[in-house]
Amino acid sequence: MKLKLHLYRMAHSPTLQSNSTFQCPDFFILTGIPGLRDGQAWMTLVFGPMYLLALLGNTTLLTVIQIDSTLHQPMFLLLATLAATDLGLATSIAPGLLAVLWLGPRPVQYAVCLIQMFFVHALTAVESGVLLAMACDRAVAVGRPLHYPILVTKARVGYAVLALTLKAVAIVVPFPLLVARFEYFHAKIIHHAYCAHMAVVELVVGNTQVNNLYGLALSLAVSGIDILGIAGSYGLIAHAVLRLPTWEARAKAFGTCSSHICVILAFYVPGLFSYLTHRFGRHTVPKSVHILLSNIYLLLPPALNPLIYGVRTKQIRDRFLEMFKFRKKQF
């Protein structure tokens, strides 16, 4: 109780927030969502079920794909990669977020903060890349169905996932390194629910232009290239579908892409709102709204993705129901 009160006073101390300078602090203090104060505890009723849904849903999805050998196909292997990424992304932020919201301001070691920064941004980049790979997979399946088994193989999917992972690591590693080069900070208080790159950079004493430019360039390059690739893939899909002779054939072809479209919207729409409020609404949108949107952006897709694919993909839905009935008979 004394520690909690001490951290609360530090988090709300004007002196510690503005007039002091610290040499590479041993720890930072995460305050959660500024402006909510005691109302933060109620937000656990929103983010807690999201995290639980992400854990149960993605674990179930991975289990179903692993057990059923008929699902060991390129499309479902990409889906398993997406589920594993969602598990990592949700787990990298949710436990600390829920602790801050429920218990109040919490300390986080400097090294742990940088590690969290790396994993949050790297896994976000991997997820965006996996969505692009899934769009390319659907474009080949719809546009060249006869050549699909030759063009898209399990080995090529494995190479693609490895390349996406290495790319994410390479482009995100500079984030913590660019922060670690600074020796002094204005404050120990991070007015955020997790160690976001720009939230930590705001505390730095020194010229942060390189950090700002790299963060902006990375956001535009990674998301922009992936979105353009996804748009191009669906342009090819639309072209192929419109050439089909009957309405039924067109509807069936588009139906194979419906789950992926829903997942894309669940990932990029909250991300777009979060990005726009941070870059262009800094002086008009309350900071609490920006932080709330950034947390929703990271936790909503992992919670929704297994539901979307579980409900809309017949093979997964049927296999899950078979597993459920088998368990029920055992009891």
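**Valine 200**

I looked up the contacts of valine 200 in this predicted model. Leaving out residues up to four places away in sequence, valine 200 touches Phe28, Cys113, Met117, Val179, Phe185, Ile190 and Cys195. I then turned to the largest nonpolar core, which has 91 residues. Val200 is among the four members that touch the most others, along with Phe28, Leu79 and Ile190. The helix α5 gives the most to this core, with 19 residues.

**Cysteines**

Two of the contacts of valine 200 are Cys113 and Cys195, so I checked for a bond between them. I found one disulfide in the structure. The disulfide joins cysteine 113 to cysteine 195, with S to S at 2.1 Å. I read -120° about the S-S bond, a left-handed link. Cysteine 113 sits in helix α5 and cysteine 195 in the loop between β5 (189-190) and α9 (197-201), so the pair ties together parts 82 residues apart in sequence. Both cysteine 113 and cysteine 195 are buried.

I looked at two further cysteines. Cysteine 136 is partly exposed, at 37% relative accessible area. Cysteine 262 is also partly exposed, at 30%.

**Cavity**

I searched the whole structure for cavities of 30 Å³ or more and found one. It holds about 80 Å³ of space. I listed its lining: Met75, Leu78, Leu79, Met134, Asp137, Arg138, Thr256, Ser259, His260 and Tyr309. The elements giving two or more residues to this lining are α4 (74-103), α5 (110-143) and α12 (258-280). By class, I noted five nonpolar, three polar and two charged residues in the lining. Leu79 appears in this lining and also among the core members with the most contacts to other members.

Technical notes:
Residues numbered from 1 in each chain as written. Predicted model: local features only at pLDDT ≥ 70, side-chain atom pairs only at ≥ 80, totals over all residues. Heavy atoms only, no water. 1 Å grid on protein atoms, 1.4 Å probe; cavity = no way out; pocket = protein on both sides within 12 Å on 5 of 7 lines; lining within 4 Å. Points joined across faces, edges and corners; volume = space filled by probe spheres on them. Helix = DSSP H or I, 4+ residues; strand = E, 2+ residues; numbered from the N terminus. Nonpolar A, V, L, I, M, F, W, Y, C, P; charged D, E, K, R; others polar. Core = buried A, V, L, I, M, F, W, Y, C linked by side-chain atoms within 4.5 Å. Buried < 20%, exposed > 50% of the residue type's maximum accessible area, 1.4 Å probe, protein only. Contact = heavy atoms within 4.5 Å. Disulfide = S-S within 2.5 Å.
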